[in-house]
Amino acid sequence: MSQTAADHTPDSTEAKRVLGIEGGGTKTEWVLARPTAEGGWRVLQSGMLAASNMKLATDAQLAALFSVLPGDATHVGVYLAGCATEVERARLQRLAAERWPAAHLALGSDRDSAMAASFHQRDGIVVIAGTGAAVHGRYQGRQEKAGGWGQLLGDRGSGYYVAMQGLRCVLSSYDIEGRPSPMAKSVLRRLALNRLSDLVDWASAADKLSVARLAPAVFDAAHAGDAEMLEILLDGAKILAEFTAAVARRLGKLDLPVKLFGGLFEHHPEYRTMYAERLRRVLPAASVEFCGESGALGAAWLAAGQPETAPRQELRAAVPDAAELAVATTEQRNPRSEEMDKLPTARLVRLFIDEEDYVADALRSSEEAVACAVDLVAAALRKGGRLFYIGAGTSGRLGVLDASEIPPTFGAPPELVQGIIAGGALALHSAVEGAEDQPAAGALAVIERGVSAADVVCGIAASGRTPFVLGGLAEACRLGAGTVLLTCNPARRRDGQSWDVEIDLATGPELVTGSTRLKAGTATKLVLNILSTCAMIRMGKVRGNLMINVRISNEKLRLRGIRLVAEVLQVSEEKAAVWLEEAGWDVPACLGGVSADAGATSSPRP
């Protein structure tokens, strides 16, 4: 661990604002705290961001992550996985000093912050099992470690190790049995893959975090009686216990307290039990306890100079204002469906169909705002800008869906319209806990996508108050980009920042209370369809009502392309097919070079 300090850093208790940051292969936790005059601590802010392992993150990625954290801290502790050498510490020192030039800096590895969170000034052994794994011990000023060599050569007992061993067993079992095992089916479902051969392709390109996220599938299979998966877990617990015993022996103290740290121990108590049982066999005098403290609190304690007391508070995601959420239209009960569980099927279906009338009414009442949004987006795209959708849950999925359909429909490059979803690709088919609750995460996503003043960012939030979305919009505004907020809650609070265009669809309460995948989802998808399609029309990618830039990628589109060319050039479908084949099934080329600018064309084929 290393420390530096600016000469003018405030020393008084009241002036201290201590920022603790711990980053690993799965996430980065942070906390901003202030020591109190009574000797305690007051936690001011806390949050969670993307992974920040120094061996996996570039300088630009770390700088972007630091940029969305509080900049007014007087003491900053940054403890990241992979910060193990003087070269890495110097790199971290440079990046932290650029962000917090006047602050007192404390730097080091996530092992240091885990040790501080677990023991503060006392001696002991910390066993970390998250995406990666390592054992770190301290006794009378001496330090020893084991494991933590990274996923290629080490990390035994980690989430990555458990998941990778499980994947290997899946394929071996298939080779022997000739059919997918229950574990194989679980993995395919979690990854939304169709075949085991797809799994091989996925694994060859997957990063460490993506693989580690499959560890719960191994635990589930073990619970269901899969002996091979259980053996993988027992092996991981065994090697971590052996590492712990080795560290204790090298320190010359066999009864040091042991604290368990990291997501694998936190989310899977059975793994703690397996570890404790195996540790008793090799180190019977040691006591074992799970550490529920955040490493970010340990980082703050180190940054503050290791005071008598440490900031002790369970870190939670930002909690929405309960009163604000309670009055949201999307959270109200719908009187038309209060007894729908008692309706016969025919009447139940009719209820849902009739309810869609409110969607059309909501769209008509927001027509002017939607038109303003179309003009804003079209103007940006014509000048070389891009459109970004940002959302969480259903809203995020709808944004990604609309963005994904632009290239095949209009022949546009995939970067022209992009979707940003809280929690990343995993959130497209699985819920990601707490992903939508962090405004800093939304801001970071906007930065990492390279949003500029030439672009437009459309925030999608049914309630109008999703922190991830508002944080992303605020960052887009700071960068000078155009901003659109799309909600289904006209009753939302409006005392905060305003956006260039605000669309509030009055879809009303859902038939299933709070389920915004229903009317709100339908209305949202329609607005996104209108927004992107009208913008493409304004860019000349539609002639009349024909998608003249369609990309032909299957038989259905091949037939559509033939009909389109035949109609535009007034020839038979047989001749259109010949011309299209000669043009490599490139519709614009076959039409004679249709321009993407305002519908202008060169001369069509004779």
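This passage walks through two sheets, a helix pair and a salt bridge in a predicted model. Local features were kept at pLDDT of at least 70 and side-chain atom pairs at pLDDT 80 or more, while totals for chains, interfaces and linings use all residues. Residues are numbered from 1 along each chain as its sequence is written, and side-chain values use heavy atoms, with hydrogens and water left out.

Take the mixed sheet to begin with. Its five strands (E runs in DSSP of at least two residues, numbered from the N terminus) line up as S9-S8-S7-S10-S11 in an open sheet, where pairing calls for at least two DSSP bridges between two strands. Strand S9 (142-147) and strand S11 (288-290) sit at the edges with a single partner strand each, so one side of each is left without a neighbour in the sheet. Neighbouring strands here are turned by 20 degrees against each other on average, direction ignored. Strand S10 (residues 258-261) pairs with S11 in the parallel sense over three bridges, and Leu-260 stands opposite Phe-290 in S11.

Helix H9 packs on this sheet, touching S7, S8, S9 and S10 (contact: heavy atoms within 4.5 Å). The direction of H9 makes about 155 degrees with that of S9 (axes are lines fitted to C-alpha atoms, for helices over the stretch in contact, and angles run from 0 to 180 degrees between N-to-C directions).

H9 (residues 227-251) also meets helix H4 (residues 159-177): the two axes come within 10 Å and cross at roughly 150 degrees (helices are H or I runs of at least four residues). H4 and H9 are therefore roughly antiparallel, the label for angles over 145 degrees. Residues making the contact include Tyr-161 and Cys-169 of H4, along with Met-229 and Ile-232 of H9.

The other sheet is open too, with five strands in the order S13-S12-S14-S15-S16 and parallel pairing. Its edge strands are S13 (417-421) and S16 (501-504), and neighbouring strands are turned by 15 degrees on average, direction ignored. Strands S14 (residues 456-460) and S15 (residues 482-487) pair over five bridges, with Ile-460 opposite Leu-486. Helix H16 (residues 367-382) lies across S12, S14, S15 and S16, running at about 140 degrees to S16.

Finally, the whole structure holds 25 salt bridges (a side-chain nitrogen of Lys or Arg within 4 Å of a carboxyl oxygen of Asp or Glu). One of them joins Glu-88 and Lys-55 at 2.7 Å, N to O. That pair links distant parts of the chain, 33 residues apart: Glu-88 is in helix H2, Lys-55 in the loop between strand S4 and helix H1.

Technical notes: Parallel < 35°, antiparallel > 145°, perpendicular 65-115°, else oblique.
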